[in-house]
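Biologist: Could you take a close look at one part of this protein for me, the open sheet? I'd like to know how its strands are arranged, and what sort of fold surrounds them.

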Amino acid sequence: MRTLLLAPLLLAGCDPEGEAADNFEYVDLGTFTTDADGLVNIPWEAPEGVVSTEVFCGPYGYDTIATADDVTSPAGTMVYDDEAPYDGALRVGVLDDVLPVLIPVSPDLPAESGQWSMNLFVDASDLPASVSCGALSRVGDTASANLVDVHIVFVGVDGIAAGMTAQAAEGDETVQAIVSRLGDLWSDLGLGLGTVRYSDFSGDVAGSTTIEGYEEFGNLLRTTEDTAELTFFMVQDIDLGDGASILGLSGGPPGVAGHGGTSKSGVVINVANAVASPEQVSLIMAHEGGHFLGLFHPTENDLSGQDPLGDTPVCSDSDGDGGLTSAECAGSGSENVMWPTAQVGTATSFSGDQGWVVARNPITFPE
Ligand SMILES: [Zn+2]
């Protein structure tokens, strides 16, 4: 069966792309069905020499959310407990359709080989619910200087800049300014751009270039190819349902690394203002790409949570109004690219721990 499948793939030159693929393995864990309370235990194995490991389950639909009740390490330690989601060194989202959980997202909880397990909770109205799960792991070396291969997919944006097509992108001033500035921002993470390739979206361009709501967002990400790359979809607008345009959005965080076909497999970027402000597009790519690779906001604006890193800036609510602003956090947060309202020219840096996390993501690789 495997031989039959491999032969035509190799003939077509479709072996997994990117250097990261060499140290990357994906395992289909099969189908799991929750109990009547929406709970099911998902065990997965991290191989010897593991650098990072990620499990994901879904799809359970865009009107349903899921999270982990808890996550247990091979040593038998409960490393995540949703009763106290910000106490440990792991972060787990409460997400529609597909739930990814990535280890590590902090130097305080490195990946280790052996059997991990997650108690998944699916908050569906119709229970029991069935989900498919997969696990992916990276093995091999780590380094302080790393690369990530990037795939930029243009979704009906050739009217914004004439070079926003696969054929013209290499020679287009706006596109190259965006890519170059993205590399500058990520250099502070110790992350460089490996192979950058460009494609024109081959699906329903007219229906996908203006994203309205999480379902359209997820359906676009579902078209991501099965490659060890970070995929950015460039669109004309993103509106998640409240009528306000947003500049970009990542699957997750974290995204499902190096595995296409899920609603968390990439990042969507609004390039409406790309010609006037390529720096803005670069910053949003650096920030949303950071989310995809396992970085969270140092502190949420509404003080509802913080990242699991010890060296990211901490801003206190000095005016006591229950919220943080960029001005309030000047020099104590807003200079970080992962600041929730990152501003061009102000948000220019990353922390050492943020670099440590990204250096271990399944799709990055030593330079
Ligand atoms: Zn963000």
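**The open sheet and its surroundings**

Modeller: Let's start with the contacts: among those in the protein with a separation of 6 or more, 74% are between residues 24 or more positions apart. Keep in mind that this is a predicted model. The protein has six helices and 17 strands. Its radius of gyration is 20 Å, close to the 21 Å from the globule rule for 367 residues, so the protein is as compact as a globular protein of that length. If you want a box for it, the C-alpha atoms fill one of roughly 60 × 50 × 45 Å along the principal axes. As for burial, 46% of the 367 residues count as buried.

Now to the part you asked about. The open sheet is built from four strands, and reading across it you get β1-β9-β3-β7, with antiparallel pairing. At the edges sit β1, covering 24–33, and β7, covering 99–103; each of these pairs on one side only. Going from one strand to the next, the twist averages 15°.

Let's zoom in on the β1 edge. The partner of β1 is β9, residues 130–139, and the two run antiparallel with nine bridges joining them. To pick out one pair by name, Tyr-26 has Leu-136 in β9 as its bridge partner. So that's a handy place to begin when you trace the sheet on screen: go from β1 to β9, then on to β3, and finish at β7.

Note on methods. Residues numbered from 1 in each chain as written. Predicted model: local features only at pLDDT ≥ 70, side-chain atom pairs only at ≥ 80, totals over all residues. Pairing = 2+ DSSP bridges. Axes fitted to C-alpha atoms, helices over the stretch in contact; angles between N-to-C directions. Rg over C-alpha atoms; globule rule 2.2 N^0.38 Å. Buried ≥ 20, exposed ≤ 12 C-beta atoms within 10 Å, placed from the backbone. Contact = placed C-beta atoms within 7 Å.
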